Amino acid sequence: MDIILLGPPGAGKGTQAHRLMEHHGMRQLSTGDMLRAAVKAGTPVGIKAKAIMDAGELVSDEIVSELIDAELTAMGPDTGAIFDGYPRTEKQAEILDGLLAKHGRSLDHVIELDVDEDALVARITGRYTCANCGEGYHDTFKQPEVEGVCDKCGSTEFKRRPDDNEETVRHRMQVYRSETAPILPGYEARGIVSRVDGMAAIGDVTHAIDAILG
Ligand SMILES: [Zn+2]
């Protein structure tokens, strides 16, 4: 079973990918991680990639393909792949089809964690933590029992992450949409796109994904 997992930052993609790996023995193929690992290990493709990155250039589709090809060989046919952050262009989507076919595989599902942008903004901008013990709170969903006092440690100091602001969240959504726009129509036409409510409880999202995987 090979899938692409899509979703904007804050949709819970990392959590769900982790669960898929744990429950189904799947492997997450994140091109960024694979690239870093190859550079660190000094493999032939890693050495090539490092030279390109050191020159300040973007790593080509060809190099990314080599990485995925090697990973699919290493995984073997029985381990399902979760593609994350790839493909981002129509050309890459075609390349991926070719690579999978070469290994006797094909893409089964493209699963998008759907979010309501305003709800996501509320979810992210409302969160804050105790400056002393790190306990997490939320303006709407989880206030301290005594206003302004941490339940866990009694501290009255709290902090917010600077990028948990509306502008940043909306910008990330925009970037996400522009990245998925080129690849979604092709997959829609093949009838393999499914959407899951990413705003639901984590366990419910997992069940919905499991139901799609069958
Ligand atoms: Zn505290």
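How many disulfides does the structure hold? The structure holds zero, and the views below look at what can be found in this predicted model.

**View 1. The whole chain, with its nine helices and eight strands.**
Let us start with the full chain before moving in. The secondary structure comes to nine helices and eight strands. Along the principal axes, the C-alpha trace spans about 60 × 40 × 30 Å. The chain has 214 residues, and buried residues make up 39% of them.

**View 2. Four cysteines around the zinc ion.**
Here we meet the zinc ion, which is coordinated by the SG atoms of Cys-130, Cys-133, Cys-150 and Cys-153, at 2.3 Å. The angles among the four donor atoms run from 103 to 114°, and the site is tetrahedral. Read along the sequence, the donor residues follow the spacing C-x2-C-x16-C-x2-C. One pair to look for is Cys-133 and Cys-153, which links distant parts of the chain, 20 residues apart. Cys-133 belongs to the loop between strand E5 (127-130) and strand E6 (136-138), while Cys-153 belongs to the loop between E6 and strand E7 (158-159).

**View 3. The zinc cysteines in the UniProt record and at the surface.**
UniProt, in an unreviewed entry, places the feature "binding site" at Cys-130, Cys-133, Cys-150 and Cys-153. These residues are spread over 24 residues of sequence, yet they cluster in space, with a largest C-alpha distance of 8.6 Å. Which of the words buried or exposed fits Cys-130? Cys-130 is found in strand E5, and it counts as buried because its relative accessibility is 1%, below the 20% cut-off. Cys-133, with a relative accessible area of 39%, is partly exposed. Cys-153 is partly exposed as well, with a value of 34%.

**View 4. The span that UniProt lists as a lid, residues 127-163.**
Stepping back from the metal site, we come to a named stretch of chain. The unreviewed UniProt entry lists residues 127-163 under "domain: Adenylate kinase active site lid". The C-alpha atoms at the two ends of residues 127-163 lie 11 Å apart. In this span, 0% is helix and 24% is strand. Phe-158 can be picked out in strand E7. With a relative accessible area of 26%, Phe-158 is partly exposed. Between the C-alpha atoms of Phe-158 and Arg-123 there are 17 Å, and the two residues are 35 apart along the chain.

**View 5. The largest pocket and its lining.**
Now for an open space in the model. What volume does the largest pocket have? The volume is about 320 Å³. There are 14 residues lining the largest pocket, and the closest to its centre are Thr-31, Val-59, Val-64, Arg-88 and Gln-92. Helix H2 (31-41) and helix H4 (61-75) are the elements that give two or more residues to this lining. H2 gives the most, with three residues.

**View 6. A buried strand residue and a cis peptide bond.**
Strand E3 covers residues 81-84, and Ala-81 is found there. Ala-81 counts as buried because its relative accessibility is 0%. In sequence, Ala-81 and Gly-25 are 56 residues apart, while in space their C-alpha atoms are 9.4 Å apart. Follow the chain onward to Tyr-86 and Pro-87, which are joined by a cis peptide bond with omega of about -5°. Pro-87 is found in the loop between E3 and helix H5 (90-102).

**View 7. A second "binding site" set from the UniProt record.**
Our last stop is another group of listed residues. In its unreviewed entry, UniProt lists Gly-10, Ala-11, Gly-12, Lys-13, Gly-14, Thr-15, Arg-127 and Ala-200 as "binding site". From this set, Lys-13 is taken into the lining of the second largest pocket. Where is Ala-11 placed? Ala-11 is in the loop between strand E1 (2-6) and helix H1 (13-24). The relative accessible area of Ala-11 is 5%, so this residue is buried.

Key. Residues are numbered from 1 along each chain as its sequence is written. This is a predicted model: local features need pLDDT of at least 70, side-chain atom pairs count only at pLDDT 80 or more; totals for chains, interfaces and linings use all residues. Side-chain values use heavy atoms; hydrogens and water are left out. Donors are N, O and S atoms within 2.8 Å of the metal (3.2 Å for Na, K and Ca); water is not among the atoms, so sites may look incomplete. Four donors count as tetrahedral if all angles lie between 85 and 135 degrees; four count as square planar and six as octahedral if opposite donors are over 155 degrees apart and all others between 65 and 115; anything else is irregular. Helices (H or I, at least four residues) and strands (E, at least two) are DSSP runs, numbered from the N terminus. Buried means under 20% relative accessible area, exposed over 50%, partly exposed in between (1.4 Å probe, protein chains only). A disulfide is a pair of cysteine sulfur atoms within 2.5 Å. UniProt positions are given in the numbering used here, feature names are shortened, and annotations may be inferred rather than shown by experiment. On a 1 Å grid over the protein atoms alone, a cavity is a set of points where a 1.4 Å probe fits but cannot get out, and a pocket is an open set with protein on both sides within 12 Å along at least five of seven lines; lining residues have an atom within 4 Å of a point. Grid points are joined across faces, edges and corners, and a volume is the space filled by probe spheres set on the points.
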